Amino acid sequence: MNKSHIKTNRRLRPAAVTLAATALVAGACGSSTASSGPSSASLAVSSSHTINLAFGADMQVPDPDIFYEIEGNAVVTSVYEGLVKYDNGTSKIVPAIASSWTVSPDGKTYTFTLRSGLTFHDGTPVDSAAAAFSFARRAGVNSAPAYMVADVTSTSEPDPQTFVVHLDKPVAAFLDYMASPYGPKLVSPTAVKAHETGVKASAPNGDWAQDWLKTHDAGTGPYAISSFVPGSHYVLSAYPGYWGTKPYYSTINISIIPDISVQQAELQSGQLSMILHGLPVNAVLNFRGDKSYEVQSFPAQLKSMLYVNPNIGIFQNAAVRTAMRQAIDKQAIVASVYGNTLATVSTQAYPVDEMPAGLALDDPTYNPAALKTALQSATGSKNIDLAYSTDDPTNQRVAEFIQTELDALGLTVTVHGVPISQVFNYASTPAAQLPNLLVWTVNPDDSAPDSWIRIFSNTNGSLNELHGSVPQADALMDAGLHATDPATIQSDYAQAGTLVADSGEWISIADVRDTVVSHAGVSGWYFQLPTADTVVLGDLTYTGKP
Amino acid sequence: MIKLVVKRVVSMVAILLVLSATIFLLQKLSRTDPVHAYLGANASKAAIARESHILGYDRPLVDQYFHYVKGVLTGNLGNSLRTRRGVATDLGAYLPATVELTLFGLFLAVVLGGLLGLASAGRWRGAAAFRLIMVSGASAPAFLLALLGILLFFNRLHWLPATNDTAYNNAPTGPTGILVVDTLVHGQLAMWIDAWKHLILPGLCVALGPAVSIGRVLRTSLVTTMRSDYVRTARSKGLTERAVLLRHTLRNSLNSALSMTGLQAGLMFAGVVVIETVFAWPGIGLYTDQSIPAADFPAIGGVTLVLGVGYVVINTLVDVLQAVADPRLSLA
């Protein structure tokens with residue numbers, strides 16, 4: 001066994017971190033003395049070309065046809081690539097494996113021209129047959145992201161560089177599916193076939209190498225998985241045969257460190273190169289005031305939402321719901337909870353960059369008196385059960401802020417946290433057993449308007465947790481999804497968004513940004529919508545002091 | 001001895017049945033959707049229904065329970081919904097790190113507790129200060145103690161690492177899974193030293209509370225024993241107080257301390273969750289901490305069963321050790 005490859009930078013600098021444990025526990029680290037002076041950690045980052053990251057929890061398996069959560073996006077999008085991707089920080093779709101594409105007038109045929117000379121990490125050439133195999137694997141594995149190819153009736157490969165996808169009906173969001181971090185990625189047929197288990201006549205591809213891909217990869221991205229130890233660490237190594245710009249960092253070490261305070265301590269001591277997400281606002285503000293660190297804030301499509309249960313109690317009254325929209329001081333919440341830094345006030349029913357300004361507005365004038373007046377004539381219990389999802393600490397603070405506001409206006413609000421696995425169960429729980437209100441921060445799979453509104457606000461949406469329903473909006477979603485004219489698509493979703501917002505059953509609070517803190521000198525930031533943790537690691541470089 | 005083992009095996013089976021039934025009941029009462037968590041937040045209703053059927057979650061709970069018990073009897077603890085691996089495989093990967101941390105913590109607890117008991121009973125110089133430090137440390141919440149330790153020994157003094165059980169990506173993972181053993185077996189001295197460095201902080205945090213408990217029980221027992229006639233005789237023969245304490249009193253005072261050690265060992269296995277989470281220690285505490293939010297009941301159930309077995313085994317060992325320490329006690 002070789003005595004090498006030490007995982008972490010052992011050159012610890014004398015960081016004068018405050019010893020006040022309570023301050024650290026409260027997330028109030030990074031005092032003015034916390035990291036003054038030259039950062040040897042940054043020097044170590046540049047000289048070793050190794051970057052050390054931390055995840056708060058194990059990611060799902062790094063199999064692109066199974067992976068479907070936020071933590072771990074940076075790994076999957078560094079190891080695998082799709083046909084197209086989102087441009088840096090916007091919803092504009094740009095080439096990736098495919099250098100160009102065309103869509104037939106009926107919206108049912110997509111023809112992709114693949115770049116030539118690309119190889120998978122195992123050396124297998126990337127061609128249209130590999131793309132077809134990857135689409136077949138996505139459908140064959142049939143896990144949650146398989147819906148993105150559910151409308152694919154067939155694929156064809158006229159030549160090695162041309163890949164054609166045929167749909168059974170137009171799907172306006174299809175190209176966004178392809179660009180999504182969760183969209184179909186190209187996997188090496190050679191690697192998959194070599195590691196398939198359970199192959200038999202009735203299952204010619206067996207498990208599609210799902211077992212092997214829990215700890216290995218078969219991608220084309222700038223990095224390959226060289227070690228994947230659940231509960232401990234993952235190591236990515238630069239792929240020398242990568243077709244694009246060669247990554248600056250040759251090695252990426254990712255440790256599992258659940259406690260964000262410990263992550264901060266390791267960042268300050270140089271063990272970690274950056275913190276990808278999860279920092280409390282006061283810590284971000286402290287790092288922002290320190291020249292040894294850089295704070296990057298990206299426009300993710302995370303939205304802090306207030307779900308309203310229209311099926312029980314006083315919120316069955318549409319006038320009360322409408323008045324409550326006006327009673328929520330979004331500006332104050334963004335200032336208080338997000339420090340005017342980690343989020344902006346939500347003014348549209350859709351996440352940022354999904355709909356042109358002025359459409360699908362959810363921006364009522366703040367007028368708390370309206371709710372007070374509405375409550376005077378409304379019948380029903382004024383005792384309100386306000387739940388928040390415990391997966392994000394800011395949800396609690398938003399919920400408590402709303403509780404304070406509503407209490408002052410005549411409601412009696414009780415706040416309680418709910419684990420996310422319980423929130424997931426709400427959609428299949430009778431509405432009468434659900435809370436009146438729910439605060440939750442959510443994101444779509446991609447930047448298509450349908451991928452947001454259908455899942456959260458459609459009557460049958462899988463995350464329509466408090467069973468809201470606006471049938472007219474549902475019809476517009478269906479019409480928009482299968483339309484081919486861009487103007488019609490936009491109009492349908494704009495109307496649907498307006499109807500959803502005006503119903504008062506879903507109140508958008510804030511557009512949450514993705515915030516990354518790194519040592520000074522790291523540059524080349526490229527962030528992919530729509531969710532957090534999608535910093536493109538292959539594009540990172542170091543331009544600080546040598 | 002055989003009778004004791006048979007009795008304990010029977011009680012262990014009963015405990016495991018009760019534990020597994022409790023887990024299943026909790027799963028029902030928790031009103032969570034583990035399959036949705038398994039697939040990912042934005043999974044469609046169709047995908048959830050399909051996967052529920054594949055995993056058997058759409059079957060009646062009693063059916064699920066009997067299927068689970070049947071699996072447990074054949075060594076199959078089911079598949080983790082989070083890691084998508086067999087729970088038995090996961091436990092095989094995570095448990096050794098917890099055993100390593102707990103055994104080291106137990107060793108520290110016994111040493112520190114023994115010193116505390118002896119120093120207090122023997123009124124050694126500095127005993128009061130030692131006792132104050134120990135009790136203060138044990139009084140602090142575990143997470144606070146851990147964070148303070150990280151701030152002081154990692155961030156400030158740079159003496160000890162803060163997280164994980166090794167700084168090496170290529171540290172050996174066998175044959176035991178216990179790093180301080182495996183690194184030695186593979187002749188990796190630097191890794192062996194590194195593994196010990198990683199053990200110290202979490203080990204101390206795990207050990208402080210039990211050490212005080214053990215020390216207090218030992219002290220009380222020593223003080224009582226030292227009032228015995230035979231101790232008076234020993235003193236009258238001119239033996240020093242230290243000789244009386246160590247050679248005549250200690251062995252006859254160990255029973256209650258051993259019982260407390262056994263109890264604490266069982267509790268330590270269950271109580272390492274917080275410590276492992278703060279120190280990112282790759283053991284079953286971290287595994288459990290990550291499994292709970294995902295409603296990963298197969299994983300939670302597997303950990304619970306292992307802890308239940310461990311608790312019974314440890315207490316059986318304590319009974320045997322007590323009999324060795326004091327042959328007047330009958331194992332039956």
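Me: A salt bridge is a side-chain nitrogen of Lys or Arg within 4 Å of a carboxyl oxygen of Asp or Glu. With that in mind, how many salt bridges are there between chain B and chain A?

Reply: Happy to help! This is a predicted model, and the count between chain B and chain A is one. The partners are A:Asp58 and B:Arg82, whose side chains meet at 3.8 Å, N to O.

Me: And how many residue pairs are in polar contact between the two chains?

Reply: There are 13 such pairs between chain B and chain A, with both residues at pLDDT 80 or more.

Me: Which elements of chain B give two or more residues to the side that touches chain A?

Reply: They are all helices of chain B: α2 (34-39), α3 (45-55), α7 (142-156), α9 (189-225), α12 (254-278) and α13 (284-291). The largest share, ten residues, comes from α7(B). By residue type, this side of chain B divides into 29 nonpolar, 18 polar and ten charged.

Me: How should I read the size of the interface?

Reply: The size of an interface is often given as the accessible area lost when the parts come together. Here, about 5,100 Å² is buried between chain B and chain A, and carbon and sulfur atoms give 56% of that area. In residues, 57 of chain B are in contact with 64 of chain A.

Me: What is the mean pLDDT of chain A?

Reply: Chain A has a mean pLDDT of 89, and 91% of its residues reach 70 or more. Over residues 1-47 of chain A, however, the pLDDT is below 50, though this stretch has 124 contacts in the model beyond near neighbours in sequence. Where pLDDT is low, the predicted coordinates should not be read in detail.

Technical notes:
Residues are numbered from 1 along each chain as its sequence is written. Chains are lettered from A and ligands numbered from 1 in the order in which they are written. Side-chain values use heavy atoms; hydrogens and water are left out. pLDDT is the predictor's confidence in each residue, from 0 to 100. Contact means heavy atoms within 4.5 Å. Buried area is the accessible area (1.4 Å probe) that two parts lose on being put together, summed over both. A polar contact is a pair of N or O atoms within 3.5 Å; within protein, one must be able to donate a hydrogen and the other to accept it, and residues adjacent in sequence count only if both atoms are side-chain atoms. Helices (H or I, at least four residues) and strands (E, at least two) are DSSP runs, numbered from the N terminus. Ala, Val, Leu, Ile, Met, Phe, Trp, Tyr, Cys and Pro count as nonpolar, Asp, Glu, Lys and Arg as charged, and the others, Gly among them, as polar.
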